[in-house]
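Trainee: Could you walk me through this protein chain, one question at a time?
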Amino acid sequence: MHEDAIHPPAGDVSAGHEPAEIDTRPLRITAIVLLLCGIAIPLALLWLFKVYERTAVYPEANAVHSEVRSAGPSAPEPRVQGIPTFHGQAPRADMEQLRRESEERLNSYGKGEEVGFVRIPIDRAMQIMAERQARPTTQRSR
């Protein structure tokens, strides 16, 4: 009985053996579809890029850059320094300009910032104070 379960009789074909040939039709259809997609998609993308290239608008590079440069900075104060296209001077140049203006103000005559006052050079002011033998206005602590 055991022998019949393992090896069915030779004449019984309904025992469930696999067929000798495999149906490759679905495999061939899948391969053909993948091959067609592999060819069609790159060709469609190439065509799309060519259409975009023909219809693209290329502004003149010089015109755009000149408009941007002439517009000037639009950022609120304080503005960033040291960026050549955004700010005219670097921080070092600004500091040198501030020092020159301060030196000019300290060493020249002119109208004071408050009404009724004048500005004199600092060297002259020190001479006047030395001549008057002015004492400091602060008092010593007790």
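Mentor: Sure, below we go from the whole chain down to single residues. This is a predicted model, where local features need pLDDT of at least 70, side-chain atom pairs count only at pLDDT 80 or more, and totals for chains, interfaces and linings use all residues. Residues are numbered from 1 along each chain as its sequence is written, and side-chain values use heavy atoms, with hydrogens and water left out.

Trainee: In what order do the elements of the protein chain run from the N terminus on?
Mentor: Helices (H or I, at least four residues) and strands (E, at least two) are DSSP runs, numbered from the N terminus. The protein chain has five helices and two strands. Their order is α-α-α-α-β-β-α.

Trainee: In which helix is confidence lowest?
Mentor: Confidence here is pLDDT, the predictor's own score for each residue, from 0 to 100. The chain's mean is 77, and 59% of its residues reach 70 or more. Where pLDDT is low, the predicted coordinates should not be read in detail. Confidence is highest in H2, at a mean of 94, and lowest, at a mean of 56, in helix H3 (residues 61-71).

Trainee: What share of the 142 residues counts as buried?
Mentor: Buried means under 20% relative accessible area, exposed over 50%, and partly exposed in between (1.4 Å probe, protein chains only). Of the 142 residues, the buried share is 2%.

Trainee: Is Leu35 buried or exposed?
Mentor: Leu35 sits in helix H2 (residues 25-55). Its relative accessible area is 56%, and the cut-off for exposed is over 50%, so Leu35 is exposed.

Trainee: And is Glu104 buried or exposed?
Mentor: Glu104 belongs to helix H4. Because its relative accessibility is 58%, Glu104 counts as exposed.

Trainee: Where does Ser108 lie?
Mentor: Look at the stretch after helix H4 (91-106) and before strand E1 (110-111). Ser108 lies in the loop between them.

Trainee: Which residues does Ser108 touch, not counting those up to four places away in sequence?
Mentor: Contact means heavy atoms within 4.5 Å. With that cut-off, Ser108 touches Arg119, Ile120 and Pro121.

Trainee: How far from a polar atom of the Ser108 side chain does the backbone oxygen of Glu104 lie?
Mentor: A polar contact is a pair of N or O atoms within 3.5 Å; within protein, one must be able to donate a hydrogen and the other to accept it, and residues adjacent in sequence count only if both atoms are side-chain atoms. Ser108 also has a side-chain polar contact of 3.4 Å with Arg119. For the backbone oxygen of Glu104, the distance is 2.6 Å.
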